[in-house]
Number of protein chains: 2
Amino acid sequence: MEHRIERIKKQLHAESYKLTPQREATVRVLLEREEDHLSAEDIYLLVKEKAPEIGLATVYRTLELLSELKIVDKINFGDGVSRYDLRKEGAAHFHHHLVCMECGTVEEIVEDLLEDVEKKVEDQWQFQVKDHRLTFHGICRHCQQKNKESN
Amino acid sequence: MEHRIERIKKQLHAESYKLTPQREATVRVLLEREEDHLSAEDIYLLVKEKAPEIGLATVYRTLELLSELKIVDKINFGDGVSRYDLRKEGAAHFHHHLVCMECGTVEEIVEDLLEDVEKKVEDQWQFQVKDHRLTFHGICRHCQQKNKESN
DNA sequence: TGTGTTATTGATAATCATTTACACTTGATA
DNA sequence: TATCAAGTGTAAATGATTATCAATAACACA
């Protein structure tokens, strides 16, 4: 945890930004709740527990900054809210998501499913891929089971 | 064009909705500007040219309805606006998008790149895939060329 | 032709996530 | 210490979308 924060601090400095206490508090929440797809509001409330004087706008500004620096991923599941995830270190890509259309849970796939596909896109469309977002919508294991039982 | 509208009309009837003049005007705009990723506002303005009395709320309602019936795809490129595309007939899936990070243009891929990947997801995660969204972010052919020339 | 019922509409206001404006702090540097 | 830019919190503004509601249209039936 502390190491990760130290590295983020350096990364910010490299771009001539500072890791202010407010920014650090936000990063700590993201670190504690990694992979939780928190909205800005969620993060704001969690940050407030530790540092009640912090403002929502600052959280938004921090998330925007971290997003630009590719430290967090800003993701969008189609409900009108952006969600933020700390990017796994060294991860060049978004992970993929399985969104259940019945219960709404979101599962992660960290494995890169798209190596071949990316290669194809680069070759066939001469499009230089920097990043991608892949979301599957469907029925999760759990809901499939439930449906089977209720029939 | 007329055939397509006729089929949409039937599809609406099957779900006990009517193809009102307002809805038809909206569908016609979508047909004329297929694959243009229009926002609700864009569509509203285009509909207004033909039928000035139509209201923005009605356009939203129509798009919502068409979206539920899977006649249009509601897509989201991460700017705070939903965009709407008439789904290609018989297309079971969203098409894929190449979003250029420099000039912002969006290119389509209609070919299904994910058959294998979907199969893997179904097997490995027992997740029953109904739909997916895949967006690549990177540099388009055109901007790659421009960058090369300016160096 | 009327009449009741229901869905649909347009205008408008409300909502809600996100941004912006602005006056105030802070922290580094001269 | 004085200065200056960067960063902050509060509050107001913005902009997309949704909800509300009275008016209208469509239709089924007397």
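In this predicted model, the buried residues of helix H2 of chain B are B:Ala25, B:Thr26, B:Val27, B:Val29, B:Leu30 and B:Leu31. Several elements of chain B help to cover them, including helix H1 (2–14), strand S1 (38–39), helix H3 (40–50), H4, strand S2 (72–76) and strand S3 (82–86). The length of H2 in chain B can be checked with simple arithmetic: at 1.5 Å a residue, its 12 residues (21–32) should span 16 Å, and the end C-alpha atoms do lie 16 Å apart, so the two values agree.

It is helpful to set this helix in the context of a whole chain, taking chain A as the example. Chain A has six helices and six strands, and from the N terminus on these elements follow the order α-α-β-α-α-β-β-β-β-α-β-α. Along the principal axes, the C-alpha atoms of chain A fill a box of roughly 55 × 45 × 30 Å. Of its 151 residues, 44% count as buried. Among the contacts in chain A with a separation of 6 or more, 49% join residues 24 or more positions apart.

The two protein chains can be related by a single operation. Chain B superposes on chain A, with an RMSD of 0.2 Å, after a rotation of 179 degrees and 0.0 Å of shift along the axis; this is the relation of a two-fold axis. The same surface serves both copies, as 100% of the contact residues of chain B recur in chain A. Within chain B, the residue that comes closest to the rotation axis is B:Leu134, whose C-alpha lies 2.2 Å from it.

Attention now turns to the DNA, beginning with strand C. This strand is surrounded by 18 residues, of which A:Tyr60, A:Ser82, B:Thr20, B:Thr58 and B:Arg61 are the closest. Of the atoms of DNA strand C that come within 4 Å of the protein, 71% belong to sugar and phosphate. Two of the closest residues approach phosphate oxygens of strand C: an N or O atom in the side chain of A:Tyr60 is 2.4 Å from one, and a polar side-chain atom of B:Thr20 is 2.6 Å from one. A base is reached as well, with a base nitrogen of DNA strand C 2.6 Å from an N or O atom in the side chain of B:Arg61. H4 of chain A and both H2 and H4 of chain B each supply at least two residues of the surface near strand C, and H4 of chain A gives the most, with four residues. By class, this surface holds seven nonpolar, six polar and five charged residues.

DNA strand D has 17 residues around it, and A:Thr20, A:Thr58, A:Arg61, B:Tyr60 and B:Ser82 come nearest. Sugar or phosphate provides 72% of the strand D atoms within 4 Å of the protein, while the rest belong to bases. Contacts with phosphate oxygens of strand D involve both side chain and backbone. The side chain of A:Thr58 places an N or O atom 2.4 Å from a phosphate oxygen. Backbone N or O atoms lie 2.9 Å from a phosphate oxygen in the case of B:Ser82 and 3.2 Å from one in the case of A:Glu53. Helices H2 (21–32) and H4 (56–68) of chain A, together with helix H4 (56–68) of chain B, each supply at least two residues of the surface near strand D. That surface is made up of six nonpolar, six polar and five charged residues.

Methods. Residues are numbered from 1 along each chain as its sequence is written. Chains are lettered from A and ligands numbered from 1 in the order in which they are written. This is a predicted model: local features need pLDDT of at least 70, side-chain atom pairs count only at pLDDT 80 or more; totals for chains, interfaces and linings use all residues. Side-chain values use heavy atoms; hydrogens and water are left out. Copies are superposed by least squares on the C-alpha atoms of residues with pLDDT of at least 70 in both. Contact means heavy atoms within 4.5 Å. A residue is near a molecule or strand if one of its heavy atoms lies within 4 Å of it. A polar contact is a pair of N or O atoms within 3.5 Å; within protein, one must be able to donate a hydrogen and the other to accept it, and residues adjacent in sequence count only if both atoms are side-chain atoms. Ala, Val, Leu, Ile, Met, Phe, Trp, Tyr, Cys and Pro count as nonpolar, Asp, Glu, Lys and Arg as charged, and the others, Gly among them, as polar. The expected span of a helix is 1.5 Å times one less than its number of residues. Buried means under 20% relative accessible area, exposed over 50%, partly exposed in between (1.4 Å probe, protein chains only).
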